[in-house]
Amino acid sequence: MAEHQPPPRGTAADREQGLHGEEGHLVLSSAEQFKALGHPVRHRMVNAFRQRPATLRQLADALGMSKGTIGYHVRVLREAGLVRLAETRQVRGGTEQYFALVSKSFKLHQDAAAGPEFLINAALGEMLPDGPGQASHTTLRHLWLTEAEARALELRLHAMAAEPHPTDPAHGEPYGLLVSLFRADVPSLPPDDEH
């Protein structure tokens, strides 16, 4: 497999331009972004931020960690251009800062070296063991498709993954959906001439 180097990461303004140039998606392309998202604590924080903006204390409570540790990880996400200061509120003891994602949806740059492996590892890190009676399905199938059939299936999968679904934690429990269509390294046997 050819290895692609990610494009230069540019400035925060460049990253902001990429945000608006891709239908509201933040396009992930820099090594700094992938490193920030690759840490399991920061990955969980991003999933919490997808629900709503939060303070360091709220994140610490949700993740069961110290406020200082959470502050460090928020700083890494901010420096990578993934999290921003959303607002400040005056409270009895001083000021609370609310942090939020710069975009609720991320998209991998087409030339990003991390690509599918990054998404697969993220999904593996989120997967909980199946509980009795809980919905779950994971399978690997191999299909022999023409290029036109593969393109048609790609469009169907893209549409299915883009369907709106509830994101309110009060609505139910979180489930993950990992959809991947890829060219597989499966050897093809020659015709069996003995029959």
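Me: How many residues separate Arg 57 and Asp 61 in helix H4, and what does that spacing amount to in turns of the helix?

Reply: They are four residues apart, about one turn of the helix, and both lie in H4, which covers residues 56-63. Keep in mind that this is a predicted model.

Me: What kind of contact do the side chains of Arg 57 and Asp 61 meet in?

Reply: Start with the general idea: side chains of opposite charge can pair when their charged atoms come close. In this structure, Arg 57 and Asp 61 meet in a salt bridge, with 3.9 Å from N to O. The cut-off for calling a salt bridge is within 4 Å.

Me: Which other residue forms a salt bridge with Arg 57?

Reply: Glu 96 does, and the closest N and O atoms of that pair are 3.4 Å apart. Glu 96 lies in strand S3, residues 94-101, while Arg 57 is in helix H4, so this pair ties together parts that are 39 residues apart in sequence. Put the two contacts side by side and you get a network of salt bridges linking Arg 57, Asp 61 and Glu 96.

Me: Are the members of that network buried or exposed? Take Asp 61 for a start.

Reply: Asp 61 counts as exposed because its relative accessibility is 57%, and the cut-off for exposed is over 50%. Arg 57 has 40%, so Arg 57 counts as partly exposed. Glu 96 is at 19% and therefore counts as buried, since buried means under 20%.

Me: How many salt bridges does a search of the whole structure find?

Reply: Five. One of them joins Arg 151 to Glu 154, with the closest N and O atoms 3.2 Å apart. Both residues lie in helix H7 (residues 147-162), three residues apart, and that is again about one turn of the helix. Glu 154 counts as partly exposed because its relative accessibility is 38%.

Me: Back to strand S3. Which strand is joined to S3, and how do the two run?

Reply: Strand S2, residues 83-91, is joined to S3 by eight bridges, and the two run antiparallel. They form a hairpin with two residues between them. To follow the pairing on screen, pick out Glu 87, whose bridge partner in S3 is Tyr 98. Then look at Leu 85, which stands opposite Phe 99 in S3.

Me: What sits over the ring of Tyr 98?

Reply: The charged end of Arg 89, 4.1 Å from the ring centre. There's another case to look up: Arg 50 lies over the face of Phe 106, at 5.4 Å from the centre of that ring.

Me: And rings with rings: how many aromatic pairs does a search of the whole structure find?

Reply: In general, a pair of aromatic rings is described by the distance of the centres and the angle of the planes. Here the search of the whole structure finds zero such pairs.

Me: Let's zoom out. How many helices and strands does the chain have?

Reply: Seven helices and four strands. Read from the N terminus on, the elements run α-β-α-α-α-α-β-β-β-α-α. Of the 195 residues in the chain, 25% are buried.

Me: Is helix H3 mostly covered or mostly open?

Reply: Mostly covered: seven of the 10 residues in H3 (residues 40-49) are buried. Those buried residues are Val 41, Arg 42, His 43, Met 45, Val 46, Ala 48 and Phe 49.

Me: Which residues form the nonpolar patch on the surface?

Reply: Leu 119, Ile 120, Leu 124, Met 127 and Leu 178, with about 460 Å² of accessible area together. Leu 124 lies in helix H6, residues 115-126. Leu 124 counts as exposed because its relative accessibility is 51%.

Me: Ala 123 is found in helix H6 too. Is Ala 123 buried or exposed?

Reply: Ala 123 is buried, because its relative accessible area is 15%. Try checking sequence against space here as well: Ala 123 and Leu 177 are 54 residues apart in sequence, and their C-alpha atoms are 8.3 Å apart in space.

Notes
Residues are numbered from 1 along each chain as its sequence is written. This is a predicted model: local features need pLDDT of at least 70, side-chain atom pairs count only at pLDDT 80 or more; totals for chains, interfaces and linings use all residues. Side-chain values use heavy atoms; hydrogens and water are left out. Buried means under 20% relative accessible area, exposed over 50%, partly exposed in between (1.4 Å probe, protein chains only). Patches are made of residues with over 30% relative accessible area and no salt bridge: like charges are joined within 9 Å, nonpolar side chains (Val, Leu, Ile, Met, Phe, Trp, Tyr) within 5 Å. Accessible areas come from the Shrake-Rupley method with a 1.4 Å probe; for residues, only the protein chains shown count as cover. Two strands pair if DSSP finds at least two bridges between them. Rings of Phe, Tyr and Trp (its six-membered ring) pair if their centres lie within 6.5 Å; planes under 30 degrees apart count as stacked, over 60 as edge-to-face and the rest as tilted. A charge sits over a ring if NZ of Lys or CZ of Arg is within 6 Å of the ring centre and within 35 degrees of the ring normal.
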